[in-house]
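Biologist: Could you take one residue of this predicted model and walk me through its surroundings with care, and then set it against the rest of the structure? I am new to reading such models, so please go slowly.

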Amino acid sequence: MFTPEDRRELFLGALFLMLVACHWFAAFFYAPVDEHQGEVYRIMFLHVPSAITAFASSAALAVFSTLGLKQRSESSLALAKATAEVGLLFTLLTLATGSIWGRPTWGTWWTWDARLTTTFLLALLYSGYLLLYSAMPAGPGRVRACAVLGILIFADVPIIYKSVTWWRTLHQPPSMLRAGGPTMDPEILWTLVVGIATLCLYASWLIRFRSGNIRLADNLEAASFEQLHS
Amino acid sequence: MNPITGITTDPTPFLLLAYSLGAVALLGYAHWCLLQRRKMRQLLAAIQTSSSPSTATKR
């Protein structure tokens with residue numbers, strides 16, 4: 001039942017998923033053991049790329065929302081909605097993996113630390129966006145309201161990034177983007193960079209595929225409406 | 001080892017839990033999108049078939 005275009009998209013998705021699997025293999029068998037934390041630090045290779053993908057999704061959401069506001073088009077809104085869904089998925093994954101990592105290293109699953117709280121806020125904002133989209137009828141009003149919220153969500157990302165320097169937190173300070181260069185071992189750093197790249201690629205594929213579904217649902221609605229009235 | 005408390009914990013369950021959750025999230029969402037696409041293509045094809053003039057003549 002899939003079209004040749006669908007098959008091409010699925011092939012690309014499978015390829016990106018294989019890249020993610022290769023990265024996970026490298027995370028366990030290429031990256032050396034951490035001197036202080038031991039093996040458990042390998043959660044970082046899932047946690048940090050998920051977090052950066054969630055933040056990149058909010059930047060993409062702001063771009064699509066701005067385009068939607070300018071063009072007043074439903075196609076930009078479809079892309080923005082798919083981005084919000086993928087952003088929520090990766091934010092929840094960041095919170096879950098961070099919590100799992102926190103138990104053996106901090107001795108707690110959760111604490112209302114500034115970094116954790118602002119990331120939790122991002123998940124709430126993404127959920128709010130999806131609720132707003134579902135609650136409003138299709139039309140220019142929904143495009144405008146969702147676009148404004150989509151742009152506002154991005155404002156949380158610099159707060160999340162700076163939270164570890166603005167407030168006293170349990171979360172570690174930046175170790176990649178910092179003055180004086182990264183503090184990590186080059187093998188660990190490269191594994192992490194590759195992980196960020198592969199997860200961002202996979203997320204962009206998910207956004208593309210899901211937005212295609214949203215547009216297809218609109219076409220389906222239009223076709224069934226036409227059939228009912230013919 | 002926990003650098004604060006100095007307590008050594010077995011990392012295996014934590015690693016297993018985190019990566020299993022990651023796999024479920026990445027594959028689960030893609031699988032849901034895939035099923036959705038297939039269902040919509042089927043519905044769209046059914047609508048197009050039922051509204052085409054040749055089908056209407058047959059009926």
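Modeller: Val164(A) is partly exposed, because 18 other C-beta atoms lie within 10 Å of its own, whereas a buried residue would need 20 or more and an exposed one would have 12 or fewer. This residue has its place in helix α6 of chain A, which covers residues 156-166. Leaving aside the neighbours within four places in sequence, Val164(A) is in contact with Arg115(A), Thr169(A), His171(A), Pro173(A) and Pro174(A). Phe120(A) can serve as a second point of reference: Val164(A) and Phe120(A) are 44 residues apart in sequence, and 15 Å separate them in space, C-alpha to C-alpha.

How far the prediction can be trusted here is a matter of pLDDT. Among the elements of chain A, α6(A) has the lowest mean pLDDT, 90, while helix α4, residues 114-135 of chain A, has the highest, 96. For chain A as a whole the mean pLDDT is 91, and 99% of its residues reach 70 or more. Where pLDDT is low, predicted coordinates should not be read in detail.

Elsewhere in the chain, helix α2 (residues 44-71) of chain A packs with helix α5 (residues 140-154) of chain A at an angle of about 150°, and their axes are 8 Å apart. The crossing of these two helices, α2(A) and α5(A), is left-handed. Among the residues that make this contact are Ala59(A), Ala62(A) and Phe64(A) on the side of α2(A), and Val143(A), Ala147(A) and Ile151(A) on the side of α5(A). Sorted by class, the contact of α2(A) with α5(A) holds 11 nonpolar, 5 polar and 1 charged residues.

Chain A also meets chain B, in a contact that takes 37 residues from chain A and 29 residues from chain B. On the side of chain A that touches chain B, α1 (4-29), α3 (74-106) and α7 (186-228) of chain A each supply at least two residues, and the largest share, 12 residues, comes from α7(A). By class, the residues on that side of chain A divide into 20 nonpolar, 12 polar and 5 charged. As for the partner, chain B has a secondary structure of 2 helices and 0 strands, and buried residues make up 12% of the 59 residues in chain B.

Notes:
Residues are numbered from 1 along each chain as its sequence is written. Chains are lettered from A and ligands numbered from 1 in the order in which they are written. This is a predicted model: local features need pLDDT of at least 70, side-chain atom pairs count only at pLDDT 80 or more; totals for chains, interfaces and linings use all residues. Axes are lines fitted to C-alpha atoms, for helices over the stretch in contact, and angles run from 0 to 180 degrees between N-to-C directions. Helices (H or I, at least four residues) and strands (E, at least two) are DSSP runs, numbered from the N terminus. A crossing is left-handed if the near helix is turned anticlockwise from the far one by less than a right angle, and right-handed if clockwise. Two residues are in contact if their C-beta atoms, placed from the backbone, lie within 7 Å. Ala, Val, Leu, Ile, Met, Phe, Trp, Tyr, Cys and Pro count as nonpolar, Asp, Glu, Lys and Arg as charged, and the others, Gly among them, as polar. pLDDT is the predictor's confidence in each residue, from 0 to 100.
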